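Colleague: I should like to go through this model with you, beginning with one charged residue and then widening the view. Please take the points in turn.

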Amino acid sequence: MHRFLISAAHKSSGKTTLSIGLAAALRTRGMTVQPFKKGPDYIDPLWLGRAAGRGCRNLDFFLSPHDEIKAQFAHGHNADVCLVEGNKGLYDGLALDGSNSNAALARLLDLPVILVLDTRGQTRGIAPLILGYQAFDPNIRIAGVILNRLGGSRHEAKLRAVVEHYTDVPVLGGVHEDAQLAVVERHLGLMPANEAAYADQTIAAIAERVARQVDLDRLLAISATNIPLPPPPAPATLAQPKIRVAVARDAAFGFYYTDDLDALAAAGAELIPFDTLKDAQLPPCDALFIGGGFPESFLDELAANIHLRSDIRKAIENGLPTYAECGGLMYLAQSISWQDKARPMVGVIPGDILMHAKPVGRGYVIIEPTSAHPWCHQNDDDGVCRRASADFCHPLHAHEFHYSEIRGLPTDTRYAYTVKRGHGVDGQHDGILCHNLLASYTHLRGTAGCDWPAHFVQFARNCSTLTWETAPCLP
């Protein structure tokens, strides 16, 4: 078994491209690759999962305690290679003591670090950089470096000579500057792999170049371990019938955590994908989940699918339990305006979406469920749904990343959350409640402290029988 962390001296060093290439190149060798991504991210994991042919899983100190991160990493127990891509630089993080940095993750999971170095404009100065990274935390094993964005063969030869003369860190590869290694970017980062028609060709091209310029055999040799990972706990057997949950999965909506989809299934959901761009109606379902994505990039296509928009609106107005995050919230609003273009959307949320050039909400958030939160209730013996002291009903750690705001909401709009940190809808509230819909800018992550999949599935089960003590939504 092989395990390693791909990190860098700073962000935008090319570690995502190299991670994609390594995952695909090792898969081409016939190896099973389990990719992981540190931090809150959807786009990089989409690419990594597509390259590896196996869903990427996120590891996040803000959202999960150490024991849970170890349990999440155990999903690589049956893989030949566990590849973890870091975020930002090796020692970067929110905490002054580095307790949530990439280095801390490498230490927690006992991973050797492969350092990707952006070599543009560098020659001899690369040596003190490597030596400094080694000395800063001697407990971190920098097992090798990959020289990236080299200016040519002479540049590569000089850098290899410098690294080999001044350090004991092996050079595992030298990747030359190449326009074909670039993945198209947009306002939230890389274009998602679920949207890019050229994704497979791009991955194949990156894999070919990485395999040719990186010593894969040496990488595997230094990352080999005989210590097995324990298998993750098996999900509990459910006696209740499945709840059919329709999930929007297409080019416009693709931001879903692999762990959350697994948790929905473990809670009793049968996930039924549908396409907001092509399908004329919802599939038969008991609940609806629309995650994040880029609806603003598909305004014409989404607006043109009048039959599906009408079907979704009628279903929600008739009480279909629905959860929507960020892009899903935008889609369910009256309209979206972006780049001098405005198009009608589903219209079940009484407000209009306006896109901005800069982020409105970005980063980690802390939200606290309000008394109106429908998932924080339970059905009592008398059939009346009242507030429960469930484990979900406490301040929750989550994240947001949106360039839009919603305008024109009624003054009596009910919200599921009070924002303690972050922006949400207006800096104070998030989680718009309407009928049995909860729509938020916040992205939840199903963890021990925020088991939203189980609460949503239970809410969907209860919806057909509940009598609400107080209506949880607008009339």
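Modeller: A starting point is Arg107, which is partly exposed, with a relative accessible area of 43%. Please bear in mind throughout that the model is predicted.

Colleague: Which residue forms a salt bridge with Arg107?

Modeller: Side chains of opposite charge can pair when their charged atoms come close. For Arg107 the closest N and O atoms of the pair are 2.3 Å apart. The partner counts as buried, at 12% relative accessibility. That partner is Asp137.

Colleague: How many residues apart in sequence are the parts that this pair ties together?

Modeller: The salt bridge in question joins Arg107 and Asp137. Arg107 belongs to helix 4 (residues 102-109), while Asp137 sits in the loop between helix 5 (126-136) and strand 6 (142-150), so the parts tied together are separated in sequence by 30 residues.

Colleague: By about how much of a helix are Arg160 and Glu156 separated?

Modeller: Arg160 and Glu156 form a salt bridge whose closest N and O atoms are 2.9 Å apart. An α-helix has 3.6 residues a turn, so residues three or four places apart point the same way. Arg160 and Glu156 are four residues apart in helix 6 (residues 153-166), and their separation is therefore about one helical turn.

Colleague: Is Glu156 buried or exposed?

Modeller: The cut-off for a buried residue is under 20% relative accessible area. Its partner Arg160, at 23%, is partly exposed. Glu156 has a relative accessibility of 16% and therefore counts as buried.

Colleague: Which strands hold Lys420 and Glu368?

Modeller: Lys420 forms a salt bridge with Glu368, and the closest N and O atoms lie 3.6 Å apart. This pair links distant parts of the chain, the two residues being 52 residues apart. Lys420 lies in strand 24 (residues 414-421) and Glu368 in strand 19 (residues 361-369).

Colleague: Is Lys420 buried or exposed?

Modeller: Exposed means over 50% relative accessible area, and partly exposed covers the range between that and the buried class. Glu368, at 30% relative accessibility, counts as partly exposed. Lys420 has a relative accessible area of 52%, so Lys420 is exposed.

Colleague: Which residues are joined into one network by salt bridges that share partners?

Modeller: A search of the whole structure finds 20 salt bridges. Some of these share partners and thereby form a single network. Its members are Arg57, Asp259, Asp262 and Arg445.

Colleague: Why is helix 2 described as largely enclosed by the rest of the structure?

Modeller: Helix 2 comprises residues 43-52. Its buried residues are Ile43, Asp44, Pro45, Trp47, Leu48, Gly49, Ala51 and Ala52. The helix is largely enclosed because the buried residues number eight of the ten.

Colleague: Which residues is Gly49 in contact with, leaving aside its neighbours within four places in sequence?

Modeller: Gly49 is located in helix 2 and is buried, with a relative accessible area of 13%. Its C-alpha atom is separated by 8.2 Å from that of Gln34, 15 residues apart along the chain. With the neighbours within four places in sequence set aside, the contacts of Gly49 are Pro35, Arg54 and Cys56.

Colleague: Where is Ser12, a residue other than glycine with a positive phi?

Modeller: The phi of Ser12 is near 65 degrees. Ser12 counts as exposed, at 52% relative accessibility. Its place is the loop between strand 1 (2-8) and helix 1 (15-28).

Colleague: What is the phi of Arg149?

Modeller: Arg149 is found in strand 6 and is partly exposed, with a relative accessible area of 22%. Its phi is positive although the residue is not glycine. The value is near 60 degrees.

Colleague: What is the radius of gyration of the protein chain?

Modeller: The protein chain has 13 helices and 27 strands. The globule rule gives 23 Å for 475 residues, and the chain comes close to this, so the chain is as compact as a globular protein of that length. Its radius of gyration is 24 Å.

Colleague: What share of the contacts with a separation of 6 or more joins residues 24 or more positions apart?

Modeller: Buried residues make up 58% of the 475 residues in the protein chain. Among contacts with a separation of 6 or more, the share from residues 24 or more positions apart is 76%.

Technical notes: Residues are numbered from 1 along each chain as its sequence is written. This is a predicted model: local features need pLDDT of at least 70, side-chain atom pairs count only at pLDDT 80 or more; totals for chains, interfaces and linings use all residues. Side-chain values use heavy atoms; hydrogens and water are left out. The radius of gyration is taken over C-alpha atoms; the globule rule is 2.2 Å times the number of residues to the power 0.38. Buried means under 20% relative accessible area, exposed over 50%, partly exposed in between (1.4 Å probe, protein chains only). Contact means heavy atoms within 4.5 Å. A salt bridge is a side-chain nitrogen of Lys or Arg within 4 Å of a carboxyl oxygen of Asp or Glu.
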